[in-house]
Amino acid sequence: MNIIFLGMPMSGKTTIGKIVAEKLHFTFSDTDELIGEKNNISIGKIIEQYGEEYFRQYEQELIKDYISTDSHVISIGGGAVNMKTKEMIKRYRYRVWLKCPIKRLMGRYEPNKQERPLLYNTNNIKRELETSLSERMPFYTECANIVINSYNSPPDDLADEVLLNINEKN
């Protein structure tokens, strides 16, 4: 069994994914962390130096690499769910979309400006988030088989909700 977390950046994918992995005694990976470690620089610097396409290609390869990995939870970037990756993502057993309102995301993004270069290349963060979400939502909707509202509960409660949904699907 493998689990993939998708959703907008800062929606809680890494936090909740780590807790779920720990509770299941699974391995956890975050594509942003893996890409940063492999390149030995931050995601912001990777995009700045090599471009977004390089970063997205790397994400796509990681999504593909972990499809057949059992007992694994992976968190992917918000823009990683797209036309090129949706069929790969659907091959994961459980695909958890963590939904979070724009207002909450804006509050979470503020302390992370350096790590979110694609978002901060604008003068209107709210509009950029709304645009990104509207472009990504059809892919999230198509790919997810578990949808969790991630904005109002403690991380442990959200992880338990994910696990409850997984148990109901078994």
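Where is Asn124 found?

**Entry 1: Asn124**

I began with Asn124, working throughout in a predicted model. I found Asn124 in the loop between α6 and α7. I then looked up its accessibility and noted a relative value of 30%. Asn124 therefore counts as partly exposed, since that class lies between under 20% for buried and over 50% for exposed. I also looked up how Asn124 stands to Val73: they are 51 residues apart in sequence, and their C-alpha atoms are 33 Å apart in space.

**Entry 2: the helices on either side of that loop**

I next examined α6 and α7 themselves. I noted that their axes are 10 Å apart and that the two helices pack at an angle of about 120°. That angle makes α6 oblique to α7. I recorded the crossing of α6 and α7 as right-handed.

Which residues of α6 meet α7? From α6 I listed Ile102, Leu105, Met106 and Tyr109, and opposite them in α7 I listed Ile125, Lys126, Leu129, Glu130 and Leu133. Sorted by type, the residues of this contact comprise 7 nonpolar and 2 charged, with no polar ones.

**Entry 3: α1 against α8**

I turned to a second helix pair, α1 (residues 13-24) and α8 (residues 155-169). Their axes come within 9 Å and cross at roughly 60°. I therefore entered α1 as oblique to α8. The crossing of α1 and α8 is right-handed.

I wrote down the residues that make the contact. On the α1 side they are Thr15, Ile16, Ile19, Val20, Lys23 and Leu24. On the α8 side they are Pro155, Asp156, Leu158, Ala159, Asp160, Val162 and Leu163. I counted the types in the contact of α1 with α8 as 9 nonpolar, 1 polar and 3 charged.

**Entry 4: the nonpolar cores**

I kept one general point in mind here: in soluble globular proteins, nonpolar side chains tend to be buried together.

How many residues does the largest nonpolar core have? I found 32, and the residues with the most contacts inside this core are Leu6, Ile76, Val81 and Ile89. The elements that give two or more residues to the core are β1 (2-6), α3 (43-50), α4 (52-66), α5 (86-89), α6 (102-109) and α7 (125-143). Of these, α7 gives the most, with 6 residues.

I then looked up Leu6. Apart from neighbours within four places in sequence, Leu6 is in contact with Lys13, Ile76, Val81, Ile89, Arg95, Val96, Trp97, Leu98, Tyr140 and Ala144. I also recorded a second, separate core of 19 residues, which includes Ile16, Phe28, Val96 and Leu98.

**Entry 5: Gly7**

I moved one residue along the chain, to Gly7, which lies in the loop between β1 and α1. Is Gly7 buried or exposed? I found a relative accessible area of 0%, so Gly7 is buried. Leaving aside neighbours within four places in sequence, I listed its contacts as Lys13, Gly77, Gly78, Trp97, Leu98 and Tyr140. I also looked up Gly7 and Glu130, which are 123 residues apart along the chain, and found their C-alpha atoms separated by 13 Å.

**Entry 6: Lys90**

I located Lys90 in the loop between α5 and β4 (94-99). Its relative accessible area is 28%, so I entered Lys90 as partly exposed. Beyond neighbours within four places in sequence, Lys90 is in contact with Arg95, Glu142 and Cys143. Lys90 and Ile4 are 86 residues apart along the chain, yet their C-alpha atoms are separated by 9.4 Å.

**Entry 7: two positive phi values**

I ended with the backbone. Most residues other than glycine have a negative phi. I noted two residues against that background.

His25 is not a glycine, yet has a positive phi of about 60°. I placed His25 in the loop between α1 and β2 (27-30). With 72% relative accessibility, His25 counts as exposed, because the cut-off for that class is over 50%.

Ser71, also a residue other than glycine, has a positive phi near 55°. I placed Ser71 in the loop between α4 and β3 (72-75). Its relative accessibility is 31%, so Ser71 counts as partly exposed.

Technical notes
Residues numbered from 1 in each chain as written. Predicted model: local features only at pLDDT ≥ 70, side-chain atom pairs only at ≥ 80, totals over all residues. Heavy atoms only, no water. Axes fitted to C-alpha atoms, helices over the stretch in contact; angles between N-to-C directions. Helix = DSSP H or I, 4+ residues; strand = E, 2+ residues; numbered from the N terminus. Parallel < 35°, antiparallel > 145°, perpendicular 65-115°, else oblique. Left-handed = near helix turned anticlockwise from the far one by under 90°. Contact = heavy atoms within 4.5 Å. Nonpolar A, V, L, I, M, F, W, Y, C, P; charged D, E, K, R; others polar. Core = buried A, V, L, I, M, F, W, Y, C linked by side-chain atoms within 4.5 Å. Buried < 20%, exposed > 50% of the residue type's maximum accessible area, 1.4 Å probe, protein only.
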